[in-house]
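Dear colleague,

I am passing on a structure that you may wish to look over before we discuss it. Please find it just below, followed by an account of what was found in it.

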Amino acid sequence: MAHTPDPVPSTTEALARLDMSLAEAMMTQRAVRRVRPDPVDDDIVLKCIELALRAPTGSNGQNWEFVVVKDPAVKAKLADRYRQAWSVYGGIGRRVTAGDESMAKIMRAVQWQVDHFTEIPVLVVACLRAGPREGRLPFVPTPPVAASSFYGSIYPSVQNLLLAARAMGLGASLITLPLWSFTSARRILELPMSVTPCCIVPLGWPRGRYGPTTRRPVEQVAHLDSYGNRAWHQP
């Protein structure tokens, strides 16, 4: 029997849910791609971003910028870019994961998101200014450690945003495919060259429910001092 979605909470009810324990939010967080078209109040979106701003940034640069997209015309342009990228990656993914039902389920969820992207009520585009001085041109650093340092100033804040969304009952996920072309993304969002779009977090009230996630035991992924030394793993 099909699951009946929970009623959309009021803004007051959603904000009150932020008293959820951190452990519960982390243990039940998952990428929720299928969301309803019901509007999400600006106060809820801004609270997600406010909590995102509590994350650390490199050298305390606080160089985040968040573009909240609700305009159907802007969504449609980003949706076009999403479809373009997914036509390639989705085809590869279906071939590589053929026969794996758990991966097929994920592929179907992503396909749903691609097909219904313009119906998602809010898209939060997380961006970084290139440096503390406005006007300094951004670049994607070549050495992996430099790239990690650059993006390390945005992803902690995005995780805060995702946890805030989870606590308030919002469906959310982290995606990058609509931004495959920085040039196009900047044009669509009217970003200056000093601002780099990093990822998009679609937000909406979920069609399903959150619940405990399945993960590998920590003993299987924790290594002591060197890779392969699974000191805590008991065969």
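Helices are here DSSP runs of H or I with at least four residues, and they are numbered from the N terminus. In that sense Ala104 belongs to helix α5, which covers residues 101-115. Please bear in mind throughout that this is a predicted model.

To stay with Ala104 for a moment, its relative accessibility of 22% lies above the 20% under which a residue is called buried and does not reach the exposed class, so Ala104 is classed as partly exposed. Between Ala104 and Gly93 there are 9.0 Å in space, taken from C-alpha to C-alpha, for a separation of 11 residues in sequence.

Turning to the overall fold, the protein is built from 9 helices and 4 strands, and the order of these elements, read from the N terminus, is α-α-α-β-α-α-β-α-α-β-α-β-α. With a radius of gyration of 19 Å, close to the 18 Å that the globule rule gives for 235 residues, the protein is as compact as a globular protein of that length. The C-alpha trace spans about 55 × 50 × 40 Å along the principal axes. Among the contacts with a separation of 6 or more, 81% are made by residues 24 or more positions apart.

As for the surface, 43% of the 235 residues count as buried, while the accessible surface comes to about 13,400 Å², with 56% of that area belonging to carbon and sulfur atoms. The side chains include 27 positive and 20 negative ones, and the centres of these two sets are 6 Å apart.

The helix α7 may deserve a look of its own. From its first C-alpha to its last, this helix of 14 residues reaches 20 Å, close to the 20 Å expected at 1.5 Å a residue. The helix α7 is also mostly covered, in that 10 of its 14 residues are buried; among them are Val158, Leu161, Leu162 and Leu163, and the list also includes Arg166 and Met168. Just after α7 comes Gly169, which takes a positive phi of about 90°.

On the other side of that helix, Ser153 sits in the loop between α6 (144-151) and α7 (155-168). What is in contact with Ser153, once its neighbours within four places in sequence are left aside? The partners are Pro56, Thr57, Gly58, Asn63, Trp64 and Leu128. The relative accessibility of Ser153 is 6%, and since buried means under 20%, Ser153 is therefore counted as buried.

Two further residues could be checked for their backbone angles. Ser59, which is not a glycine, has a positive phi of about 55°, and its place is in the loop between α3 (42-52) and β1 (64-69). Asp225, likewise a residue other than glycine, has a positive phi near 70°, and it lies in the segment after α9 (218-221). Because exposed means over 50% relative accessible area, Ser59 at 80% falls in the exposed class, and Asp225 at 78% counts as exposed on that cut-off too.

With kind regards

Key: Residues numbered from 1 in each chain as written. Heavy atoms only, no water. Helix = DSSP H or I, 4+ residues; strand = E, 2+ residues; numbered from the N terminus. Rg over C-alpha atoms; globule rule 2.2 N^0.38 Å. Buried < 20%, exposed > 50% of the residue type's maximum accessible area, 1.4 Å probe, protein only. Contact = heavy atoms within 4.5 Å. Areas by Shrake-Rupley, 256 points an atom, 1.4 Å probe, with all protein chains shown as cover. Lys, Arg positive; Asp, Glu negative; His and termini not counted. Charge placed at Lys NZ, Arg CZ, Asp CG, Glu CD. Expected span 1.5 Å × (residues − 1).
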